[in-house]
Amino acid sequence: MAVGLTALTLGSEKKSGLMDRSLVAGLRLHEILTAQIALQFLIIILQTIILMIVTFLVFELPNNGNNLYTLLIILLQGICGMPSGGFYI
């Protein structure tokens, strides 16, 4: 999900010219990228929480390990997917 969402967000901003307008308005490229990374990270956190709730509470699948490790592994997988989405635009 992180790859597709990042590619879709950056691609639609580039296509609509929003990124160019932001640069003309005085924003620096690193400020735009920082905002994109923060937004994508928040979305990944929400997706991870929803995934864990559905998996462990709704479907009642057993987890023999530590829930914190499971959360960290899912978050790391999403974070690693963010830069991959930038390559597809």
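UniProt positions are given in the numbering used here, and such annotations may be inferred rather than shown by experiment. With that in mind, the unreviewed UniProt entry places the feature "domain: ABC-2 type transporter transmembrane" at residues 4-81. The exercises below concern a predicted model.

**Exercise 1.** For the domain that UniProt places at residues 4-81, find how far apart the end C-alpha atoms lie and what share of the span is helix.

Solution. Begin with the ends of the span: the C-alpha atoms of residues 4-81 at its two ends lie 9 Å apart. Next, take the secondary structure, which is 83% helix and 0% strand over this span. Finally, look at the residue that opens the span, G4, which is found in helix α1 and is partly exposed, with a relative accessibility of 44%. From G4 to L39 there are 35 residues in sequence, and their C-alpha atoms are 14 Å apart in space.

**Exercise 2.** Decide whether T9 is buried or exposed, and name the residues it contacts beyond its neighbours in sequence.

Solution. First locate the residue: T9 belongs to helix α1, which covers residues 2-16. Then compare its relative accessible area of 17% with the cut-off; because buried means under 20%, T9 counts as buried. Once neighbours within four places in sequence are left aside, the contacts of T9 are with Q36 and Q40. Q36 and Q40 are themselves among the buried residues of α3.

**Exercise 3.** Compare the reach of helix α3 with the expected value, and list the residues that are buried in it.

Solution. Helix α3 runs over residues 29-58 and has 30 residues. From its first C-alpha to its last it reaches 42 Å, which is close to the 44 Å expected at 1.5 Å a residue. The buried residues named in α3 are I32, Q36, Q40, I44, T48, M52 and T55. To understand such a spacing, recall that an α-helix has 3.6 residues a turn, so residues three or four places apart point the same way. As for the record, the unreviewed UniProt entry places the feature "transmembrane region" at residues 38-59 and 68-88. Of these, residues 38-59 have end C-alpha atoms that lie 30 Å apart, and the span is 95% helix and 0% strand.

**Exercise 4.** Describe the surroundings of T48, and state how far L72 lies from it.

Solution. T48 has its place in helix α3, and at 3% relative accessibility it counts as buried. Not counting residues up to four places away in sequence, T48 touches L71, I74 and L75. L72, found in helix α4 (residues 67-86), is partly exposed with a relative accessible area of 42%. Although L72 and T48 are 24 residues apart in sequence, their C-alpha atoms are 9.4 Å apart in space.

**Exercise 5.** Which residue follows α3, and what is the sign of its phi?

Solution. The residue that follows α3 is E60, and its phi is positive, near 55°. E60 has this positive phi although it is not a glycine. For comparison, most residues other than glycine have a negative phi. The position of E60 is in the loop between α3 and α4, where it is exposed, with a relative accessible area of 64%.

**Exercise 6.** Name the residues that make the nonpolar surface patch of about 760 Å², and check the exposure of V54.

Solution. The patch is made by I49, I50, I53, V54, L57, V58, F59 and L61. Of these, V54 lies in helix α3. Its relative accessible area is 31%, and V54 is therefore partly exposed.

Key:
Residues are numbered from 1 along each chain as its sequence is written. This is a predicted model: local features need pLDDT of at least 70, side-chain atom pairs count only at pLDDT 80 or more; totals for chains, interfaces and linings use all residues. Side-chain values use heavy atoms; hydrogens and water are left out. Helices (H or I, at least four residues) and strands (E, at least two) are DSSP runs, numbered from the N terminus. Buried means under 20% relative accessible area, exposed over 50%, partly exposed in between (1.4 Å probe, protein chains only). Contact means heavy atoms within 4.5 Å. The expected span of a helix is 1.5 Å times one less than its number of residues. Patches are made of residues with over 30% relative accessible area and no salt bridge: like charges are joined within 9 Å, nonpolar side chains (Val, Leu, Ile, Met, Phe, Trp, Tyr) within 5 Å. Accessible areas come from the Shrake-Rupley method with a 1.4 Å probe; for residues, only the protein chains shown count as cover. A salt bridge is a side-chain nitrogen of Lys or Arg within 4 Å of a carboxyl oxygen of Asp or Glu.
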